2 protein chains.
Amino acid sequence: MDTHRAKHPVTRDVIIEVLHDRGISATPQRVEIAAIMLEEKQHLSADQVLTRLAGVEAAVSKATVYNTLGLFAERGLVREVVVDSTKVFYDSNTTEHHHFYNVDDGTLIDFPSDTIVIDQLPAAPTGTQTESVDVVIRVRKKP
Amino acid sequence: MDTHRAKHPVTRDVIIEVLHDRGISATPQRVEIAAIMLEEKQHLSADQVLTRLAGVEAAVSKATVYNTLGLFAERGLVREVVVDSTKVFYDSNTTEHHHFYNVDDGTLIDFPSDTIVIDQLPAAPTGTQTESVDVVIRVRKKP
DNA sequence: GTTTATTCTAGACAAGGTCTAAGCAACGCG
DNA sequence: CGCGTTGCTTAGACCTTGTCTAGAATAAAC
């Protein structure tokens with residue numbers, strides 16, 4: 001039994017399988033990006049992913065990082081989180097949950113959706129359908 | 001009884017008073033920006049405010065629009081709404097409420113906070129205090 | 001193995017927003 | 001009144017995030 005799965009829980013083979021399951025062809029660049037995202041549950045901006053790719057053998061360009069993260073989000077492999085008007089975060093935790101956003105240092109912390117109870121959700125405007133319900137609790141350092 | 005208050009409900013004198021109440025000195029530029037924002041309950045981006053200022057006698061620069069909207073938000077005259085990673089909206093409705101965000105056309109629609117019932121709000125991470133709870137229901141055109 | 005479609009790349013570009021240095025206006029004070 | 005101090009506004013340079021383009025490289029299909 002493998003007890004050392006904290007940092008690299010997902011082998012390349014498994015990643016390729018996951019990508020194929022979502023109908024994404026597994027190019028070396030996509031595998032690298034998926035390896036970073038799926039390494040653990042985390043929130044990374046495109047820029048942070050780009051930085052982490054620096055140490056990796058397969059070179060990946062900026063355009064590819066943006067395209068790939070967008071593709072992953074579209075296929076449900078990661079989730080886009082909009083809490084900061086200057087950048088998008090990609091969340092590798094795809095289970096239903098919401099976020100604390102620390103406005104002081106820009107960090108995101110998950111909280112499971114069953115720790116909040118939302119009743120009486122208002123109906124979507126006519127002609128539209130609900131895509132997601134996002135709850136963001138903005139917090140700041142206690143003075 | 002005045003029944004024609006839809007478009008210009010707030011006179012300059014009233015605006016100046018409102019600004020002073022918040023500890024904001026009333027410069028001509030700030031009064032113009034406040035006049036636009038407080039004209040009615042609405043969601044405007046800095047860019048939209050800048051465009052509307054074009055027809056106004058007092059010239060207002062881009063930097064001042066950004067500074068002023070930031071100041072207004074800080075003093076609670078308007079509220080920042082982050083739903084789109086490319087820009088910030090400023091909401092002149094400061095009563096407690098949440099938003100539908102139409103991802104197709106980028107429009108925001110308010111819904112009062114009492115049409116949603118949130119129970120069991122999780123406690124803020126230690127060392128932090130809750131600043132706001134923002135609920136965004138993302139909707140898209142029904143297919 | 002050649003053709004065809006997809007993907008990747010560098011770098012130019014766009015949009016939102018911030019920063020800087022200078023100018024200007026109002027205030028306080030002798 | 002003259003004058004410094006403080007705060008506000010300005011134009012435009014600048015920065016950052018993200019998109020676009022045209023072509024090169026892969027991969028897939030036959």
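These notes walk through a predicted model of two protein chains and two DNA strands.

1. **Ground rules.** This is a predicted model: local features need pLDDT of at least 70, side-chain atom pairs count only at pLDDT 80 or more, and totals for chains, interfaces and linings use all residues. Residues are numbered from 1 along each chain as its sequence is written, while chains are lettered from A and ligands numbered from 1 in the order in which they are written.

2. **Chain A in outline.** Chain A has 4 helices and 7 strands. Helices (H or I, at least four residues) and strands (E, at least two) are DSSP runs, numbered from the N terminus. Along the sequence the order is α-α-β-α-α-β-β-β-β-β-β. The C-alpha trace of chain A spans about 50 × 45 × 40 Å along its principal axes. Of its 143 residues, 21% count as buried. Buried means that 20 or more other C-beta atoms lie within 10 Å of a residue's own; exposed means 12 or fewer, and partly exposed lies in between, with C-beta atoms placed from the backbone.

3. **Where the chains meet.** 37 residues of chain B are in contact with 37 residues of chain A. Contact means that the C-beta atoms of two residues, placed from the backbone, lie within 7 Å. Strand 7 (128-141) of chain B gives the largest share of its side, 14 residues. By class, chain B's side holds 19 nonpolar, 9 polar and 9 charged residues. Ala, Val, Leu, Ile, Met, Phe, Trp, Tyr, Cys and Pro count as nonpolar, Asp, Glu, Lys and Arg as charged, and the others, Gly among them, as polar.

4. **Strands across the interface.** Strand 6 of chain A and strand 6 of chain B run antiparallel, joined by 3 bridges. Two strands pair if DSSP finds at least two bridges between them. Look for I118(A): its bridge partner is I118(B).

5. **A hairpin in chain B.** Strand 4 and strand 5 of chain B pair in the antiparallel sense over 5 bridges. F100(B) has I109(B) as its bridge partner. The two strands form a hairpin with 5 residues between them. In the turn, G106(B) has a positive phi of about 75°.

6. **DNA strand D.** Which residues come nearest to DNA strand D? Of the 24 around it, they are T27(B), Q29(B), S61(B), A63(B) and T64(B). Near means that a residue's C-beta atom, placed from the backbone, lies within 6 Å of the molecule or strand. Helix 4 of chain B gives the most to this surface, with 5 residues. The surface has 7 nonpolar, 12 polar and 5 charged residues.

7. **DNA strand C.** 22 residues surround DNA strand C. Among the closest are T27(A), Q29(A) and A63(B). Helix 4 of chain A supplies the largest share of the surface, 5 residues.

8. **Helix 4 of chain B.** In this helix V65(B), T68(B), L69(B) and F72(B) are buried. Seen down the axis, the buried residues fall within an arc of 100°, so they line one face of the helix. That arc covers the directions from the helix axis to the C-beta atoms. An α-helix has 3.6 residues a turn, so residues three or four places apart point the same way. The buried residues pack against helix 2, helix 3 and strand 3 of chain B. On the other side, A63(B) and E74(B) are exposed. Just after the helix, G76(B) takes a positive phi of about 80°.
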